Amino acid sequence: MAKRKTSDSMELVLEESDAGNWVYKGEGAANIVLGGYNGSNPHFVGKVIRIQKAPRSKTQSATTSVLSVHENLLWRDIEGISASSTKEIVGQLYVKNVIIPLLGSEHVDTGMHILVSRQFLEAVENNIFCQRPAWRVDASKVNPLCDSALLISDHSIFPDGIVNVSPYISVEIKPKCGFLPNSRFIAEANAVKRTISRFQMHQVLKLHQGEISCVSDYDPLDLFSGSIGKINKAIKELFTTPQNNFRIFLNGSLISEGMAGTIDSTRSVAGGEFEDTLEGIIRADRGFRLNSFLQLVAETILISGVLDQLLDAQQLDLIDIEGAIHAYYNVISQHCKVCGEWGDSKVSKRCSPLHSLSLEDSLKIVRDYMIAATAKDCSLMLSFRPKMDEDQMSLHNTVYLESINQRFDYKAYFIDLDMKPLKKMVHYYELDQKIVSCYTQKEKMKYEPPNLMNRNEYEIIDSHFNVAGNSRDESMLSDGP
Ligand SMILES: Nc1ncnc2c1ncn2[C@@H]1O[C@H](COP(=O)(O)OP(=O)(O)O)[C@@H](O)[C@H]1O
Ligand SMILES: [Mg+2]
């Protein structure tokens, strides 16, 4: 490992020989995360590194500009953004200037930009190959052409925790969108969006496309409800059907699989085993610990109020994608494809005033929509450590679980707060239409006996939703709101 002098600071550089000090921690659609550093550099202890991935199907170039012309326009108020030379720097500026003012610095960590050599990335790629889920390996790899990465605190650990003395447990929750849209630009045919949560409707499409084997009863509206009974229900559902919305870490190591294993794996940790895992953390008899633990998570969500700020950020999406898509076409100065498709209809008439908005107003709508998209797609890490000495002063917040008369230190951090690419607006619009249309068709089928239904309707659904196609790849790369 070396330190390299750059124009304004001394930067840490990871070389080939450093690769063995890191282990695979997890990954999403866009990044691979390494943790568990066991080397001697104090800068890396208790940290994770987040490295960009590249799709296997395309050869990615490191030299393409970080932001497009229109993205530069959209985010021009962020100081230094247009001069940013890497995605990591753009990401940090975005978190610092846009996200922290909304979510608060107490729950967000901007991280630090570090340099990585190509040999380091290649060594990492080889080392982690076997731990990565096969379907992720098929789709993407570490981007070997990217020379920087992000160093962030490992939010699944307590930095000052001595494992043997005080074990700790963390959960990662991907809450998704916690409110129902109420925009006048929503077409009548899509009115169901006003009453059923986006997550619930998306489950139906995912089931139809074979991405999941059963729908989850988790509803983000419960999690964000501010009512302890509903939050409890939401956490129980997440535990039962984690998909990629819930993970558990014990002393910093992942112990639940979620979607990690196979396409269809919606495995949760086995209840009985988990009762044993919780021994030493939850002071309750075997058989009662799981319930108390889930209650602890729910209670912390309620008393910390962290989701209140997240909900405010999500609600920057004021006019729904059905309105914002029109502003997007204004921003990129292109003829609106949506108005084109709807022709002379009511929808097109209702939305046409959006095309008379000034560029400034259009930029604001799109910017707010993109910020909300980040807030709908991020995760929350909550970590708990039992307080051994009740009188001991704590550097952390504490939560008291009355049912078992036990107090815990806790930490709450948001992760995965990336800026979304502007061109994803088109994908967001198309996915939204697909989700609603699949949901309404399926609902219709529930109430109309199949033999009375026009045979073609089934064929239309299947061709429209690409049942046999590789829908997984598409959804994986676009874990949209
Ligand atoms: N700061 C962190 N501390 C602990 N675990 C992390 C941290 N950042 C990411 N992870 C783990 O790595 C996974 C992938 O990271 P994420 O930022 O969500 O990638 P992506 O942008 O591809 O979705 C997360 O789901 C989480 O389990
Ligand atoms: Mg993620």
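How many of the 5 residues of strand 3 are buried? Keep that one in mind as you work through these exercises on a predicted model.

**Exercise 1. Work out how strand 3 sits in the structure and what it pairs with.**

Step 1. Start with the burial count. Strand 3 covers residues 23-27, and 4 of its 5 residues are buried, so the strand is largely enclosed by the rest of the structure.

Step 2. Look for its partner. Strand 4, residues 31-35, pairs with strand 3 in the antiparallel sense, over 4 bridges.

Step 3. Pin down one pair in the register: Glu27 has Ile32 of strand 4 as its bridge partner.

Step 4. Follow the chain between the two. Strand 3 and strand 4 are joined by a hairpin through 3 residues.

**Exercise 2. Trace the open sheet that contains strand 9 and strand 12, and find its edges.**

Step 1. Write down the order. The sheet is built from 6 strands, running 11-10-9-12-14-13, with antiparallel pairing.

Step 2. Find the ends. Strand 11 (253-254) and strand 13 are the edge strands, each pairing on one side only.

Step 3. Check a pairing inside the sheet. Strand 9 (residues 169-173) and strand 12 (residues 379-386) are antiparallel and share 5 bridges. To get the register, use Glu172, whose bridge partner in strand 12 is Met381.

Step 4. Now go to the strand 13 edge. Strand 13 (residues 397-401) is joined to strand 14 (residues 406-415) by 5 bridges, again with the strands antiparallel. Here Leu401 has Gln406 of strand 14 as its bridge partner.

Step 5. Inspect the turn. The hairpin of strand 13 and strand 14 has 4 residues between the strands, and Asn405 there takes a positive phi near 50°.

**Exercise 3. Place Gln243 and Ser333, and decide for each whether it is buried or exposed.**

Step 1. Recall the background: most residues other than glycine have a negative phi.

Step 2. Read off the angles. Gln243 isn't a glycine, yet its phi is positive, at about 40°. Ser333 also has a positive phi, near 50°.

Step 3. Locate them. Gln243 belongs to the loop between helix 7 (228-240) and strand 10 (246-250). Ser333 is in the loop between helix 11 and helix 12 (337-342).

Step 4. Apply the cut-offs, under 20% for buried and over 50% for exposed. Gln243 has a relative accessible area of 2%, so it counts as buried. Ser333 comes out at 64%, so it counts as exposed.

**Exercise 4. Describe the largest cavity and what lines it.**

Step 1. Count first. Searching the whole structure turns up 1 cavity of 30 Å³ or more. The volume of the largest cavity is about 210 Å³.

Step 2. List the wall. There are 19 lining residues, and the ones nearest the centre are Pro181, Arg198, Asp320, Lys376 and Asp432.

Step 3. Sort the lining by type: 12 residues are nonpolar, 1 is polar and 6 are charged.

Step 4. Assign the lining to helices. Helix 5 (198-208), helix 11 (320-331), helix 14 (359-377) and helix 15 (424-447) each supply at least two residues. Helix 15 gives the most, with 4 residues.

**Exercise 5. Find which residues have the most contacts inside the largest nonpolar core, and which domains it draws on.**

Step 1. Get the size and the hubs. This core has 82 residues, and Ile173, Leu223, Ile235, Phe293 and Met425 have the most contacts inside it.

Step 2. Find the top contributor: helix 2 (residues 87-103) gives the most to this core, with 8 residues.

Step 3. Check the domains. Domain 1 (2-153) and domain 2 (156-481) each provide at least three residues of this core.

Step 4. Put that in context: in soluble globular proteins, nonpolar side chains tend to be buried together.

**Exercise 6. Compare spacing in sequence and in space for Thr195 and Lys364.**

Step 1. Take Thr195, in the loop between strand 9 and helix 5. At a relative accessible area of 55%, Thr195 is exposed. Phe179 is 16 residues from Thr195 in sequence, and the C-alpha to C-alpha distance is 9.8 Å.

Step 2. Take Lys364, in helix 14. Its relative accessible area is 44%, so Lys364 is partly exposed. Lys364 and Ala324 are 40 residues apart along the chain, with their C-alpha atoms separated by 9.9 Å.

Methods
Residues are numbered from 1 along each chain as its sequence is written. Chains are lettered from A and ligands numbered from 1 in the order in which they are written. This is a predicted model: local features need pLDDT of at least 70, side-chain atom pairs count only at pLDDT 80 or more; totals for chains, interfaces and linings use all residues. Side-chain values use heavy atoms; hydrogens and water are left out. On a 1 Å grid over the protein atoms alone, a cavity is a set of points where a 1.4 Å probe fits but cannot get out, and a pocket is an open set with protein on both sides within 12 Å along at least five of seven lines; lining residues have an atom within 4 Å of a point. Grid points are joined across faces, edges and corners, and a volume is the space filled by probe spheres set on the points. Ala, Val, Leu, Ile, Met, Phe, Trp, Tyr, Cys and Pro count as nonpolar, Asp, Glu, Lys and Arg as charged, and the others, Gly among them, as polar. Two strands pair if DSSP finds at least two bridges between them. A nonpolar core is a set of buried Ala, Val, Leu, Ile, Met, Phe, Trp, Tyr and Cys residues joined through side-chain atoms within 4.5 Å. Buried means under 20% relative accessible area, exposed over 50%, partly exposed in between (1.4 Å probe, protein chains only). Domain bounds come from an automatic or database domain assignment.
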